[in-house]
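Take a walk through this fold, beginning at a single proline and moving outward to the cores and a sheet.

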Amino acid sequence: MEEYPVLIMQAGPMQGRRWPITAEGVTVGRDETCTIVISDRQISRLHFRVFRKDQLTFIEDLKSKNGTWVNGNPIQREHELQDGDLIQIAFSLQMIYLASESTMPLQFDGSLPQKGRIRLDSASHSVFLADREVQPPLSVHQYRFMELLFLRGGGMVTRNDIIEHVWPGEDTTGITDQAIDALVRRLRERLKEVDAEHEYILTIRGHGFRLHNPL
């Protein structure tokens, strides 16, 4: 019996589900024609696909709105997957790619890959600065904003981005610039409680914010 590489959902409502990557490949999105259908407005109708070519496995973003990330890096074109790669879609869903189920780790800690002092654990919604955990834990809105900044990899997030991803599915008519400024200010204060030497959230005046994640 042929053993196929697999995608395993690591976070989100389908956590633990797995899909073999056969010759037909796997598509992910909101559209009912996708192999993996995810009803989440952060997910594009056709978000990404994973396919095999010349006995290798590739992932391709299908011009999704919020992007597809592999090991914390956004992909722009076909990208070869390696055993154990972590795929992030939107800001709350993760998949792990395994060359075969025999390589499945006994335990996955839910950490988003890091290239800097900041580490996020999506399973527990914990944030670490140089291995020091932010305690008490961030509020739901603070964590979502932190995750949004983190997954943009230093790229800018606009106020509209923040509204869409910090308050998904909620009535946003009453969310003002002052509410966003208060969220930013409080998150900065929480991070400074752990590490006062670095400014992690930078303001791009007139445009938005970005994350500074020093090594």
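Start at Pro214, which lies in the segment after β17 (208–211). The model is predicted. Is Pro214 buried or exposed? Pro214 has a relative accessible area of 14%. Buried means under 20%, so Pro214 counts as buried. Its contacts, leaving aside residues up to four places away in sequence, are Gly116, Arg117, His198 and Tyr200. Ala130 is 84 residues from Pro214 along the chain, yet their C-alpha atoms are separated by 10.0 Å.

Tyr200 leads onward. This residue also touches Ile118. Beyond four places in sequence, Ile118 further contacts Val127, Phe128, Leu129, Met146, Phe150, Leu211 and Asn213.

Now the core around it. The largest nonpolar core has 29 residues, and Ile118 is among those with the most contacts inside it, along with Phe145, Met146 and Ile162. Two or more residues each come from β12 (118–121), β13 (126–129), α1 (140–151), α2 (159–166), α3 (177–194) and β17. The largest share, seven residues, belongs to α1. A second core is separate. It holds 21 residues, including Met9, Ile36, Ile38 and Ile89.

Turn next to a sheet. Five strands form an open sheet with mixed pairing, in the order β4-β3-β5-β6-β9. At its edges are β4 (36–37) and β9 (79–80), each paired on one side only. Inside the sheet, β3 (residues 26–29) and β5 (residues 48–53) run antiparallel and are joined by three bridges. Here Val26 stands opposite Val50 in β5.

Terms used:
Residues numbered from 1 in each chain as written. Predicted model: local features only at pLDDT ≥ 70, side-chain atom pairs only at ≥ 80, totals over all residues. Heavy atoms only, no water. Pairing = 2+ DSSP bridges. Helix = DSSP H or I, 4+ residues; strand = E, 2+ residues; numbered from the N terminus. Buried < 20%, exposed > 50% of the residue type's maximum accessible area, 1.4 Å probe, protein only. Contact = heavy atoms within 4.5 Å. Core = buried A, V, L, I, M, F, W, Y, C linked by side-chain atoms within 4.5 Å.
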